Amino acid sequence: MRIAPTIHNFSKTFLKQLAMKTISLWFMLIILVAVSCNTNQQSSEPIIGPSNIKVENGTLTPEVLWALGRLGQVTVSPNGQQIAYTVTYYSVEQNRSNSEVFIMNTDGTNNKQITKTSAHEFNLAWVNNSKLAYISTEGETAQIWTMDAMGNNRRQVSNFPSDINGFSISPKGDKVFFISEVKVDKTTEDIYPDLPKASGMMYDDLMYRHWDTWEDGYYSHIFVADFTGEKVANPVDIMPSEPYDSPLMPFGGMEEIAWTPCGKSIAYTCKKLTGKEYSFSTNSDIYLYNIEKAETQNLTEGMMGYDKQPVFSPSGDRMIWLSMERAGFEADKERVFVMDMATGEKTYLTPHFDYSPSNIQWTPDGKSIYFVAGVEATHQIYRMDLATREIKAITEGLHDYHSVAIAGDMLIGDKVSMVFPAEIFSINPVTGKQKKISAINDHIINQLTMPMVERRWVKSSDGKLVHTWVILPPNFDQTKKYPALLYCEGGPQSAVSQFWSYRWNFSIMASNGYVVVAPARRGSLTFGQAWTDEISKDHGGQEMRDLLAAIDEVKQEPWVDEDRLGAIGASYGGYTVFWLAGNHNNRFKAFISHCGVFHSEMEYMTTEEMFFDQWEMGGAPWETENKVAMNSFKHSAHNFVKNWDTPILVIHGGKDFRIPYTQGMAAFNAAQMHGVPSKFLFFPDENHWVLKPQNGILWQREFKAWLDRWLKA
């Protein structure tokens, strides 16, 4: 259940632009919260700024977590001397957020906030070394604005009829492309104009809803327009009447669209499929649109998995992009390909690098690329020499980098860890030395006593080693005994890396007095594709033995109370918790499952991206002669409810279309009917995540209260 946001019209793609420097899942989690409450803000609303919260006893609480500013986009000026970036702040009282723009020198000096509005500012782009363009929600619709690098002379330069959700200025600065929602399909009102108040929606094909939005006939299209620096004019839809989205829904952002260096063409990512074929496939392609000829060419035709994120060399003679091999498998290895634009020849650059790069950046001489990749539970910056194909790690340490950019003779990136939220760093590309140059949350973090993080390798039932993080409470005392939590990752192909989350936050769990055990069980990313592949068509199999091996080893530590163990998880991790509830052999005393799959057969027929369950289960539940599928569905968690006897908290969102909320209802109802102590926390206005500030704090309070009730009483 790898997850991603889709929020209608402006907010549906707004978060993608904020996250265009990366498609890291956990970074997207941060960004989602920024846009979850209100989008188009009026200037009369109170301005939300940095919190002056005072931390009591150095403890990370839900209120402290929501007081932190969230780093968004980071962009370097053309001369490499300045950095513009956005930060989103939250008001729990107002139950909303707004984003502001900051600027500083690349060494961290002269840091200034250059906007102060109640709206969101995002999608920063340098017009030149002294002028910025950006999108603001200050008016009735989201539009492109400009201002100088001091924040003065702000003016709206576009006046498109609907929200502009992202844009990019051409290399010569004379044109701009932007994305906006376009109506293509007929609605019920179009078919029956005499029934304008009818609420019925009619569908005769898949896929009719996605993430948390019903299909409404609108698609994200790319427009190209003239740009004078003062005005955007003469927009032209380069995908006229096409029932397709670019960027891809729901993961894609502006990283999926690129100018050629000459500014005469636009490369874009699109999955030009419809209905059932769209629902069962991941086959996207990269298309090249020639502006002068108004012609479109498919550059990756015949490549059957995801093809996305085109990046042109400085001279424009080559294009690099990311490609997955297997259609229908969203967690396949991200392969790096390069195309000779004159001949069309394609070359696979990373056959011997068994990990998935992202955020590719060409060096100015076109001889190398930088990228971010997850390797053994951390995300680092790498450099590849294109002539020799040699790949070298630039950074090391217990952290996750989200992005990399070139700033003269230095690199700029933002990184997190389990014990600190995102900040901007400069990196020496020769020595790898890293220096923090932003201080978004220093005034809060410096008041906190944070947990300690250890890494270890645990031998599983088949003899293979499972990487496991162990997070210890602040002021850890090894002479005491602590309750412990087994963290069950979602995905199922997600990374258990050094992520910082605003919900599944290991630091706040440990600060609540728990040892947290977080294994990278079979299926987890960053340990090579073979490890990732091992969970597909084996749900309820070896990955469960990996998890149990990890908690069984750590519970032997003298500072763990093996009589006070809990298991927690979301999405596939929620399925894991439901499965463990019927198969844990009295290990655990409490469970929490968020948006988990309870009944796999029903999930297969009610989820929206059908390719996911088709791949993971190996077939449909009615294929009774399909031994692989039958074995998969045999491990549906509902089959083990008769064994449930342990208290369980079930959480679900009413707008979750990836795992419909009836899955959570069924699990809670089953627990109640079996007399198992249980509680159902339901958010009718949330999707697969919990995004609104007050809902987020409620989630954290109930999470802690449930565990404390059963593991500390």
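**Exercise 1. How many salt bridges does the count come to?**

Keep in mind that this is a predicted model. For the count, look for a Lys or Arg side-chain nitrogen within 4 Å of a carboxyl oxygen of Asp or Glu. By this rule, you end up with 28 salt bridges.

**Exercise 2. Take the salt bridge of E138 and R154 and work out which parts of the chain the pair links.**

Step one: check the contact. The side chains of E138 and R154 meet at 2.5 Å, N to O.

Step two: place each partner. E138 sits in the loop between strand 6 (131–136) and strand 7 (143–148). R154 is in the loop between strand 7 and strand 8 (155–156). The two are 16 residues apart, and the pair links distant parts of the chain.

Step three: look at R154 from outside. Its relative accessibility is 29%, so R154 counts as partly exposed.

**Exercise 3. Now try K308 and E334: are they buried or exposed?**

Start with the distance: the closest N and O atoms of E334 and K308 are 3.2 Å apart, and the two form a salt bridge. Next, find them on the chain. K308 belongs to strand 19 (residues 307–312), while E334 lies in the loop between strand 20 (318–323) and strand 21 (335–340), so the pair ties together parts that are 26 residues apart in sequence. As for the surface, both E334 and K308 are buried.

**Exercise 4. Sort E454 and R456 by accessibility, then name the residues that salt bridges with shared partners join into one network.**

E454 and R456 form a salt bridge, with 3.8 Å between the closest N and O atoms. Buried means under 20% relative accessible area. R456 has 15%, so R456 is buried. E454 has 34%, so E454 is partly exposed. For the network, salt bridges that share partners join D462, K464, R522, E534 and D546.

**Exercise 5. Describe the lining of the second largest pocket.**

First, the space: about 850 Å³ lies in the second largest pocket. Then the residues: 35 of them line this pocket, and D185, Y203, M207, E215 and Y219 lie nearest its centre. Sorting the lining by type gives 17 nonpolar, 8 polar and 10 charged residues. Finally, the elements: at least two lining residues each come from helix 4 (188–191), strand 11 (209–210), strand 12 (213–214), strand 13 (218–227) and helix 5 (275–279).

**Exercise 6. In the open sheet of 8 strands, what is the strand order, and which are the edge strands?**

Reading across the sheet, the order is 32-33-35-34-36-37-38-39, with mixed pairing. The edges are strand 32 (452–459) and strand 39 (678–683), each of which pairs on one side only. From one strand to the next, the twist averages 20°.

Now zoom in on one pair. Strand 36 (residues 560–570) and strand 37 (residues 590–594) run parallel and share 5 bridges. Here G566 stands opposite A590 in strand 37.

Then turn to helix 10 (residues 572–581). This helix is mostly covered, with 10 of its 10 residues buried; among them are Y572, F578 and W579.

**Exercise 7. In which sense do strand 9 and strand 10 pair, and which residue of their hairpin takes a positive phi?**

Strand 9 (residues 166–169) pairs with strand 10 (residues 175–183) in the antiparallel sense, over 4 bridges. To find your way in, use G166, whose bridge partner in strand 10 is I179. The hairpin has 5 residues between the strands, and G173 takes a positive phi near 80°.

Note on methods: Residues are numbered from 1 along each chain as its sequence is written. This is a predicted model: local features need pLDDT of at least 70, side-chain atom pairs count only at pLDDT 80 or more; totals for chains, interfaces and linings use all residues. Side-chain values use heavy atoms; hydrogens and water are left out. Buried means under 20% relative accessible area, exposed over 50%, partly exposed in between (1.4 Å probe, protein chains only). On a 1 Å grid over the protein atoms alone, a cavity is a set of points where a 1.4 Å probe fits but cannot get out, and a pocket is an open set with protein on both sides within 12 Å along at least five of seven lines; lining residues have an atom within 4 Å of a point. Grid points are joined across faces, edges and corners, and a volume is the space filled by probe spheres set on the points. Ala, Val, Leu, Ile, Met, Phe, Trp, Tyr, Cys and Pro count as nonpolar, Asp, Glu, Lys and Arg as charged, and the others, Gly among them, as polar. Two strands pair if DSSP finds at least two bridges between them. Axes are lines fitted to C-alpha atoms, for helices over the stretch in contact, and angles run from 0 to 180 degrees between N-to-C directions.
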